[in-house]
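Q: I should like to learn how to read a protein structure. Could we go through one together, feature by feature?

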Amino acid sequence: MIDADGYRPNVGIVLLNGDGRLFWARRINHDGWQFPQGGMRSDETPLEAMYRELAEETGLAPEHVEVIASTRGWLRYRLPSRYVRHHQRPTCVGQKQVWFLLRLVGGEAALRLDASEKPEFDVWRWVDFWYPAVHVVNFKRQVYERALRHFAPLVEELLSVQLGPLPRPAAPGKVAAA
């Protein structure tokens with residue numbers, strides 16, 4: 001399902017643990033790390049798509065999480081030209097996403113990366129709140145920043161923590177502080 005502007009509807013999931021750290025996973029056969037995300041079916045609401053993707057990518061069911069918030073409207077990113085399948089019609093130029101902030105309410109034991117026939121991730125870990133915005137692949141960085149900025153005040157209030165400002169990525173050739 002691609003819209004008239006070439007964007008595929010999608011959901012993104014920011015999963016928070018009790019310590020204010022976020023679920024961060026490595027894609028199978030890639031060096032890229034990201035949040036769980038996935039396309040919406042034409043008959044799904046964003047919430048329904050989020051629960052389906054959550055189960056497929058993490059093995060978590062609705063009873064394992066609490067939905068804290070979602071972004072309003074669509075957050076969009078364009079794919080680099082090398083990833084656009086120009087021969088397909090309609091051509092997908094990027095993704096438009098509704099992001100959800102979830103809190104893990106059960107234990108980590110419920111997390112299963114092999115919950116679906118075609119797992120998307122092979123390794124996961126908990127990271128500091130702003131870490132993904134600095135370390136995600138460049139073309140997704142702005143969307144990650146926007147989603148995390150939207151959720152930061154809620155996380156600070158929920159956990160009574162100060163997250164501080166979003167760090168900037170290191171200059172090329174420099175190592176960013178984790």
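Q: Is glutamate 145 buried or exposed?

A: The model before us is predicted. To read burial, one takes the relative accessible area of the residue, and under 20% counts as buried. Glutamate 145 has a relative accessible area of 9%, so it is buried. This residue lies in helix 3, which covers residues 141–159.

Q: Which residues does glutamate 145 touch, leaving out those up to four places away in sequence?

A: Contacts are read from heavy atoms within 4.5 Å. With those sequence neighbours set aside, glutamate 145 touches Ala133, Leu166 and Arg168. Arginine 103 can be placed by a C-alpha distance: it is 42 residues from glutamate 145 along the chain, and the two C-alpha atoms are separated by 19 Å.

Q: What is the order of helices and strands along the sequence?

A: One lists the elements as they come along the chain. Here the pattern is β-β-β-β-α-β-β-β-β-α-α, which comprises three helices and eight strands. The radius of gyration is 16 Å, close to the 16 Å that the globule rule gives for 178 residues, so the protein is as compact as a globular protein of that length. Along the principal axes, the C-alpha trace spans about 50 × 40 × 30 Å.

Q: What share of the residues counts as buried?

A: Of the 178 residues, 46% count as buried. The accessible surface comes to about 9,700 Å², and carbon and sulfur atoms hold 48% of that surface. Contacts can also be sorted by sequence separation: among those with a separation of 6 or more, 71% join residues 24 or more positions apart.

Q: How many of the ten residues of strand 1 are buried?

A: The general idea is to count burial over a whole element. In strand 1, residues 7–16, nine of the ten residues are buried, so this strand is largely enclosed by the rest of the structure.

Q: In which sense, parallel or antiparallel, does strand 1 pair with strand 7, and in which with strand 4?

A: In a regular strand the side chains alternate between the two faces of the sheet. The pairing itself is read from the bridges. Strand 1 pairs with strand 7, residues 94–104, in the parallel sense over ten bridges; within this pair, glycine 12 stands opposite tryptophan 99. With strand 4, residues 37–39, strand 1 pairs in the antiparallel sense over three bridges, and there valine 11 has glycine 38 as its bridge partner.

Q: Where is glycine 32 placed?

A: Glycine 32 sits in the loop between strand 2 (22–27) and strand 3 (33–34). Its relative accessibility is 31%, so it counts as partly exposed. Neighbours within four places aside, glycine 32 is in contact with Ala25, Arg26 and Arg27. Histidine 135 is 103 residues away from glycine 32 in sequence, but their C-alpha atoms are 9.0 Å apart in space.

Q: What is the sign of phi at asparagine 29, and what is it at serine 160?

A: Most residues other than glycine have a negative phi. Asparagine 29 has a positive phi of about 65° although it is not a glycine. This asparagine 29 lies in the loop between strand 2 and strand 3 and counts as exposed, at 74% relative accessibility. Serine 160 likewise has a positive phi, near 55°. Serine 160 lies in the segment after helix 3 and is exposed, with a relative accessible area of 67%.

Note on methods
Residues numbered from 1 in each chain as written. Predicted model: local features only at pLDDT ≥ 70, side-chain atom pairs only at ≥ 80, totals over all residues. Heavy atoms only, no water. Helix = DSSP H or I, 4+ residues; strand = E, 2+ residues; numbered from the N terminus. Rg over C-alpha atoms; globule rule 2.2 N^0.38 Å. Buried < 20%, exposed > 50% of the residue type's maximum accessible area, 1.4 Å probe, protein only. Areas by Shrake-Rupley, 256 points an atom, 1.4 Å probe, with all protein chains shown as cover. Pairing = 2+ DSSP bridges.
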